[in-house]
Amino acid sequence: MVPAPAFAAAARTLLASTLSNVPYLPPTETAQFIACWTKELFVPRNGYLVAPGQTEQYLYFAYRGTLRIIYPTQDEEICVGFVHSGDMVCSFPSFAMGKPSEYAIQALQPSELIAIARTEFQACLDNSPALSQLWRHELEKALVGRMEHEIDLLLPEPAQRLERLRKRSPHIFQTIPKKYLASYLRMTPETLSRLK
């Protein structure tokens, strides 16, 4: 039997601590939910958590590290989001629809994650109205974030895009390399450097 990575228990503790801030989630349901996060992963720098064409079977919780969500095209990899410690992530279209992913999730730093299988996650939601409410709330936050980013991309001036991102997510500038921020904001790294 392969021993669990050294970070697994600490990752579950962080997830439990995060969920303890949800006032309507009973502690017993939180404990049952945490127990379902049985997969542990270490993704090396530049390694892939999810590759295009892979059907997403897990929801991940990032314990340590930073990752980027990318949409690869023939000419470039378009950065569509970032994942930090304490975030949940998956290739959501694939996770929700059971189809091969068009996106990739790549580690920008060595990253440690725990995961819950899609089937286990769905069973948890089916058995807990509180978890279902939490998931709905998380999806609403993600949708609002997506819409804000869409607005960013529609603004003609790069300086406006950068300023909106600074106001919304100032922490991102501490951990994400400029070339990926530039891709996320749909501008060249040179333009971003000039604006910063």
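Start with the outside of this predicted model: the protein chain exposes about 10800 Å², and carbon and sulfur atoms supply 56% of that area. As for what is tucked away, buried residues make up 41% of the 196 residues in the chain.

Now for the overall build. Along the principal axes, the C-alpha atoms fill a box of roughly 50 × 35 × 30 Å. The radius of gyration is 18 Å, which agrees with the value near 16 Å that a compact globule of 196 residues would have. Inside that outline, the secondary structure comes to 9 helices and 8 strands. How do the contacts run along the chain? Counting contacts with a separation of 6 or more, 69% of them join residues 24 or more positions apart.

Next, let's look for empty space. Rolling a probe the size of a water molecule over the atoms shows where such space is left. The largest pocket holds about 1500 Å³ of it. Helices and strands both help to line this pocket: the elements giving two or more residues are α1 (8-19), β3 (58-64), β5 (77-83), β6 (88-89), α3 (92-97), α4 (118-127), α5 (129-154) and α6 (158-168). Which element provides the largest share of the lining? That's α5, with 11 residues.

Zoom in a bit further, and you'll find 42 residues lining the largest pocket, with F82, M88, E138, K141 and A142 lying nearest its centre. Sorted by class, the lining has 27 nonpolar residues, along with 10 polar and 5 charged ones.

How values were computed:
Residues are numbered from 1 along each chain as its sequence is written. This is a predicted model: local features need pLDDT of at least 70, side-chain atom pairs count only at pLDDT 80 or more; totals for chains, interfaces and linings use all residues. Side-chain values use heavy atoms; hydrogens and water are left out. On a 1 Å grid over the protein atoms alone, a cavity is a set of points where a 1.4 Å probe fits but cannot get out, and a pocket is an open set with protein on both sides within 12 Å along at least five of seven lines; lining residues have an atom within 4 Å of a point. Grid points are joined across faces, edges and corners, and a volume is the space filled by probe spheres set on the points. Helices (H or I, at least four residues) and strands (E, at least two) are DSSP runs, numbered from the N terminus. Ala, Val, Leu, Ile, Met, Phe, Trp, Tyr, Cys and Pro count as nonpolar, Asp, Glu, Lys and Arg as charged, and the others, Gly among them, as polar. The radius of gyration is taken over C-alpha atoms; the globule rule is 2.2 Å times the number of residues to the power 0.38. Buried means under 20% relative accessible area, exposed over 50%, partly exposed in between (1.4 Å probe, protein chains only). Contact means heavy atoms within 4.5 Å. Accessible areas come from the Shrake-Rupley method with a 1.4 Å probe; for residues, only the protein chains shown count as cover.
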